[in-house]
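Open the model in your viewer and keep the selection box at hand. We will go from stop to stop, picking a few residues each time and looking at what is there.

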Amino acid sequence: MSLKESPSAFSTTYESAVNRSLESWCEQADSTATGTDRCTFLAFSDESPVGITAIYRDKCNREEGEMLQVWVSPDFRGSEAARELLDTTLRWCGENGILRVLATIARGNVRALKFYRKYGFDSEPATSCDAASSLVLVRTSKNLRIPIEGGTMDEAMTPYGLALLDFFNGDSSAKVVAQREDGLRSDLPTSVFFRAPTEFSPLEQTALALCRGEVLDVGAGAGCHSLAIQDRGMKVWAIDISSQGVEIMSKRGVKRVQRADVFKFQAGPFDTLLLLMHGLGMVANLPGLDRFLHHAHNLVKPDGQILCDSLDVRVTTEPIHLAYQDANRQAGCYFGEIRMQFEYKGQLGPFFSWLHVDAETLAEHAKKTRWACRIVRREGNGDYLAQLTPIPKTA
Ligand SMILES: C[S@@+](CC[C@H](N)C(=O)[O-])C[C@H]1O[C@@H](n2cnc3c(N)ncnc32)[C@H](O)[C@@H]1O
């Protein structure tokens, strides 16, 4: 049944399996039932088998093993039986000195990816780049130390910051790679972070026209908006978690610049908080959005405002993006929560979450944290600009 239902989970076909002799099956069963090099586990419900996994130790590297034949009957996926099967297999690996466990899945199989991630697997950058159709996942004790939201934001931004710094120092070809957890890789040319005011999109121009009073540019990057605001004779403070970003901004002439995590930043209050280029994404997920909106009341004057842009990720017809959104929903996550890592010149940051929130969900979360939300501008690609103003406590 398993071979017919999920042929890609196995290295053999249904036809060759039914043609195998009983002795050959017994031999395989014996070889994986004894010793410490191979093991097969079965999950049962009542008397019926509902899942299987096998682990094979690598012949050269004895601390490495590969998980094969991982299959759970469709009715039992996400069940206690599936969890126990994986737990038992991984426990056996630990008890038998297999410290690095590999699992190969089809690229784009987001459901399998989410499942393995729950057990501490992460994609293997070196091999995942080579294989066009498959993705190798690795579970090591190091992976397990990385929190599910991907280490610290500071570490996550380092490859991006180094690429920005190289560009600033004259390497116009510097580009950082963003790798999403399903293996999708996109190049981010660093030049975009140094865009001139004449290159600002209509959405950015609208946002800058709405800026008033003292402005806090949150996640200011290389300072393109801070410099533009400063050039208009307005007072602007730029903060960013990236030390390289902060260094660049100082050298480019941003007068008030500080390295800070917005969640820990205490200053102001300001008239305007500005988060552009989907900068609101730094809140990571919807609980993070609430945390940020609560904290922002300390940073913004009672008659002040937050100007931020974000993206409705549903505005796409790309199958790979739609599959990713579905996998998020199935895993109980908001569809616009993107988990990715940055890579630059072989340096890989930890995975982190970045939130793209649709306008209606933003308005809902704004309301419950006492912000009035006005959508100032919507673009055809799902981008939009929002203006949030504090709702007085008495209202
Ligand atoms: C998409 S970039 C936007 C850069 C800039 N605003 C622009 O439009 O070019 C997001 C920026 O947010 C910064 N960032 C991420 N998390 C942060 C946090 N918790 N606090 C402050 N800055 C953060 C990153 O280092 C990065 O520079």
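The tour below starts with the sheets, moves on to the helices and the ligand, and ends with two backbone details. Keep in mind throughout that this is a predicted model.

**Stop 1: the sheet that starts with S1**

Begin by colouring the strands of the open sheet whose order is S1-S2-S3-S4-S6-S5. It has 6 strands, and their pairing is mixed. Which strands sit at the edges? Select strand S1 (38-45) and S5, each of which pairs on one side only.

Now step inward. Strand S2 (residues 48-57) and strand S3 (residues 64-72) run antiparallel and are joined by 6 bridges. Pick Gly51 and look across to S3, where Val72 stands opposite.

Next, show strand S4 (residues 100-106) together with strand S6 (residues 134-139): this pair is antiparallel, with 6 bridges. Val101 has Arg139 of S6 as its bridge partner. Strand S5 (residues 122-123) also pairs with S6 in the antiparallel sense, over 2 bridges. Here Ser123 is the residue to click, and its bridge partner in S6 is Leu137.

While the side chains are switched on, a general point may help: in a regular strand they alternate between the two faces of the sheet.

**Stop 2: the sheet from S11 to S17**

Move on to the open sheet of 7 strands, ordered S11-S10-S9-S12-S13-S18-S17, again with mixed pairing. Its edges are strand S11 (256-259) and strand S17 (371-378), each pairing on one side only. On average, and ignoring direction, neighbouring strands in this sheet are turned by 20° against each other.

At the S11 end, select strand S10 (residues 236-240) as well. S10 and S11 run parallel and are joined by 4 bridges. One residue pair to label is Asp240 with Arg259 of S11, which stands opposite.

Then add the helices that lie on the sheet. Helix H12 (residues 286-299) packs on it and touches strand S9 (215-218), strand S12 (270-275), strand S13 (300-311), S17 and strand S18 (383-390). The direction of H12 makes about 140° with that of S13. Bring in helix H14 (residues 359-368) too: H14 lies across S13, S17 and S18, and runs at about 160° to S17.

**Stop 3: two helix pairs**

Select H8 with helix H11 (residues 243-252). The two pack at an angle of about 25°, and their axes are 7 Å apart. With angles under 35 degrees counted as roughly parallel, H8 is therefore roughly parallel to H11. Their crossing is left-handed. To see the contact, show Gly161, Leu162, Leu164, Leu165 and Phe168 in H8, then Ser243, Gln244, Gly245, Glu247 and Ile248 in H11. By class, the contact residues of H8 and H11 are 5 nonpolar, 4 polar and 1 charged.

For the other pair, turn to helix H5 (residues 110-118) and helix H13 (residues 319-330), which pack at about 45° with axes 9 Å apart. H5 and H13 are therefore oblique to each other, and their crossing is right-handed. On the H5 side, display Val110, Arg111 and Lys114; these meet Ala323, Tyr324, Ala327 and Gln330 of H13. The contact of H5 with H13 comprises 4 nonpolar, 1 polar and 2 charged residues.

**Stop 4: around the ligand**

Centre the view on the ligand. How many residues surround the ligand, and which are closest? There are 22, the closest being Gly219, Gly221, Ser242, Met277 and Met282. Colour the shell by residue class and you will find 13 nonpolar, 7 polar and 2 charged residues. Helix H8 (153-168), helix H10 (224-231) and S10 each supply at least two residues of this shell, so H8 and S10 from the earlier stops come back into view here.**Stop 5: two backbone details**

Finish with the backbone. Most residues other than glycine have a negative phi, and most peptide bonds are trans. Where do the exceptions sit? Select Asp46, in the loop between S1 and S2: its phi is near 55°, a positive value in a residue other than glycine. Then go to Pro269, in the loop between S11 and S12. The peptide bond from Gly268 to Pro269 is cis, with omega near 10°.

Definitions and conventions. Residues numbered from 1 in each chain as written. Predicted model: local features only at pLDDT ≥ 70, side-chain atom pairs only at ≥ 80, totals over all residues. Axes fitted to C-alpha atoms, helices over the stretch in contact; angles between N-to-C directions. Parallel < 35°, antiparallel > 145°, perpendicular 65-115°, else oblique. Left-handed = near helix turned anticlockwise from the far one by under 90°. Contact = placed C-beta atoms within 7 Å. Nonpolar A, V, L, I, M, F, W, Y, C, P; charged D, E, K, R; others polar. Pairing = 2+ DSSP bridges. Near = placed C-beta within 6 Å.
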